Amino acid sequence: MNSAVASRRAFLKLAGTAAAAEFLQPAFTARALKANAANALPVATSPDYTLRIAAAPIEIAPNHIVSAITYNGQFPGPLLRFKEGRQVVVDVHNDTDTPEQLHWHGQFVPVDVDGAAEEGTPFIPAHGMRQLVFTPRPAGLRFYHTHNRAGADLHAGQYSGQVGPVYIEPAHEPGDYDREVFLVLKEFEPSLSRGGDMAIDFLAPGTEDKTLKEAGESAMKASLAKGTPHGYEVGYRYFTINGRMLGHGEPVGVKTGERVLFHILNGSATEIRSLALPGHTFKVIALDGNAVPVAVDVPVLWLGTAERISAIVEMKHPGVWVMGDLADDDRSHGMGIVIEYAGQAGKPQWIKPRPFHWNYGRFGKAGGTTTAPDETIDMLFFKRNAALEGFNEWTINDVAFSMDKPTPMFHVRQGRRYRLRMRNASDDIHPIHLHRHSFELIKLAGQSTTGIMKDVVMVGGYQEVEVDLVADNPGLTLFHCHQQLHMDNGFMALLEYI
Ligand SMILES: [Cu+2]
């Protein structure tokens, strides 16, 4: 192609944009155009949003500053509001020395935009940029975050401050609330420990699979008998909501009778979070941004890494309250936010809620029928204790994923419905994520459900979970555990369209 043709194309592409308007000033004569064409003007569209990846200080409490890689020098990254189905242009600049990936979590975007090197998305070069053009969908609460591997570098990957919310407005917003509040839950200053896992027992049903338990426990016993210590786990020093420790941020000011829609995102690299607000309940209207079949009031929310919950709280219990994590230690180190009614003052109150089990099935369609899948894909999750220089290695069907040899493990055909039967032979809870698609929850530890669409699901220790995926977005698709330690150490697989 000769350069004149290329330049003309470039110019035609510019026409109709803000940049083109500038070029079309009367002073911009045909001669000037010709001169510029010779200089090969870059094709550029003015972006709707610009994100800049760079290290920045984050003041998590007065005079208490941590340093992290952020978007636009702030934590969380700016809230990006898109309209479903309306194309957007986002410029992503990378001011760091490390090539980056920005993943559009929960959106049905092509591989080129998705932000996963495993699928083949190009990196945003160190000190370079990428202009992303895509059509946001589906509507609801999504987010963006880095998809870099961290390994033993606890400043990299999701341990950093690279997390920001996305809200995709639907064509018709029901708007059954007075206002929205976005909350991003995130820990800072991670460190490695060898304490073994802290089992958290909050999922319902709690039924464990005997076969899985025997397999997992005997492997662990054998490893420990050889003198191998438990693999590394990550702990944190500071806990924040919207980048501020409890008591050090702006309280959420509310009025009696208001209906506040909270959009909550667990931006943690590794942790499962809970949230309660004394004297109030949460009417859960969406999970991972997708409306649930049955909106139910619950006293406590639980979110695995990368999960989102949209819930309405009716403000009918005046006072000054702590909305916080159930874990006393995490809450006292910052995991909470103050909810303050107008005209109320005093020390924020926390009251421990009564024990409550988290069951996704509660929000499912009662008596709904499930569409039969075209095919079932079986997956077995396994932990090799401390097998990778002290880190646990994770396998799916006996294979630990490696970027050296990213061979697709599963194959799908467009238009077909696949049941993923996930069997967890470890005692850890895994927040399992599928890129560029969502899935329907079908069976949770033996309990059937329908109608709940998600992109992350917690698979309990020694439990079996089934989800259905409709293959409707061609291209390599990454399936992985969203726990950074797990995904970095083998817990990934690629689905390939054939
Ligand atoms: Cu995991």
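## Strand β24

In this predicted model, the side chains of β24 divide between two directions: His430, Ile432 and Leu434 point one way, while Pro431 and His433 point the other way. Residues on both sides of the strand are buried. Because five of the five residues of β24 are buried, the strand is largely enclosed by the rest of the structure.

β24 has antiparallel pairings with two strands. With β28 (residues 456–459) the pairing runs over four bridges, and His433 stands opposite Val456 there. With β30 the antiparallel pairing runs over three bridges. In that pairing, Ile432 of β24 has Cys481 of β30 as its bridge partner.

## Copper site

Three protein atoms serve as donors to the copper ion: ND1 of His430, SG of Cys481 and ND1 of His486. They lie 1.9 to 2.1 Å from the ion. Along the chain, the donors follow the spacing H-x50-C-x4-H. The pair His430 and Cys481 links distant parts of the chain, 51 residues apart. His430 belongs to strand β24 (residues 430–434), and Cys481 belongs to strand β30 (residues 477–481).

Both His430 and Cys481 are buried. Cys481 thus has two roles in this description, as a copper donor through SG and as the bridge partner of Ile432. His430 is likewise a copper donor through ND1 and one of the residues of β24 that point the way Ile432 and Leu434 do.

## Asn489 and its surroundings

Asn489 lies in the loop between α7 (484–488) and β31 (492–497). Is this residue buried or exposed? With a relative accessible area of 6%, Asn489 is buried, because the cut-off for that class is under 20%.

Leaving aside residues up to four places away in sequence, Asn489 touches Arg149, Leu388, Phe391, Asn392, Glu393 and Trp394.

## A six-stranded sheet

An open sheet is formed by six strands in the order β10-β9-β12-β17-β14-β15, and its pairing is mixed. Its edge strands are β10 (233–241) and β15 (290–298), each of which pairs on one side only. From one strand to the next, the twist averages 25°.

At the β10 edge, strand β9 (residues 179–193) runs antiparallel to β10, and eight bridges join the two. Within this pairing, Gly235 in β10 is the bridge partner of Ser191.

## Cavities

How many cavities of 30 Å³ or more does a search of the whole structure find? The search finds four. The largest cavity holds about 70 Å³ of space.

Its lining includes Leu203, Ala204 and Pro205, as well as Trp358, Asn359 and Tyr360. Leu444, Ala445, Met458, Gly460, Gln463 and Val465 also line the largest cavity. Met458 falls in the residue range of strand β28 (residues 456–459), which pairs with β24.

## Overall composition

The protein has seven helices and 31 strands. Of its 498 residues, 53% are buried. Among contacts between residues at least 6 apart in sequence, 78% join residues at least 24 apart. The copper donors His430 and Cys481, 51 residues apart, are one example of distant parts of the chain being linked.

Note on methods:
Residues are numbered from 1 along each chain as its sequence is written. This is a predicted model: local features need pLDDT of at least 70, side-chain atom pairs count only at pLDDT 80 or more; totals for chains, interfaces and linings use all residues. Side-chain values use heavy atoms; hydrogens and water are left out. Donors are N, O and S atoms within 2.8 Å of the metal (3.2 Å for Na, K and Ca); water is not among the atoms, so sites may look incomplete. Buried means under 20% relative accessible area, exposed over 50%, partly exposed in between (1.4 Å probe, protein chains only). Two strands pair if DSSP finds at least two bridges between them. Axes are lines fitted to C-alpha atoms, for helices over the stretch in contact, and angles run from 0 to 180 degrees between N-to-C directions. Contact means heavy atoms within 4.5 Å. On a 1 Å grid over the protein atoms alone, a cavity is a set of points where a 1.4 Å probe fits but cannot get out, and a pocket is an open set with protein on both sides within 12 Å along at least five of seven lines; lining residues have an atom within 4 Å of a point. Grid points are joined across faces, edges and corners, and a volume is the space filled by probe spheres set on the points.
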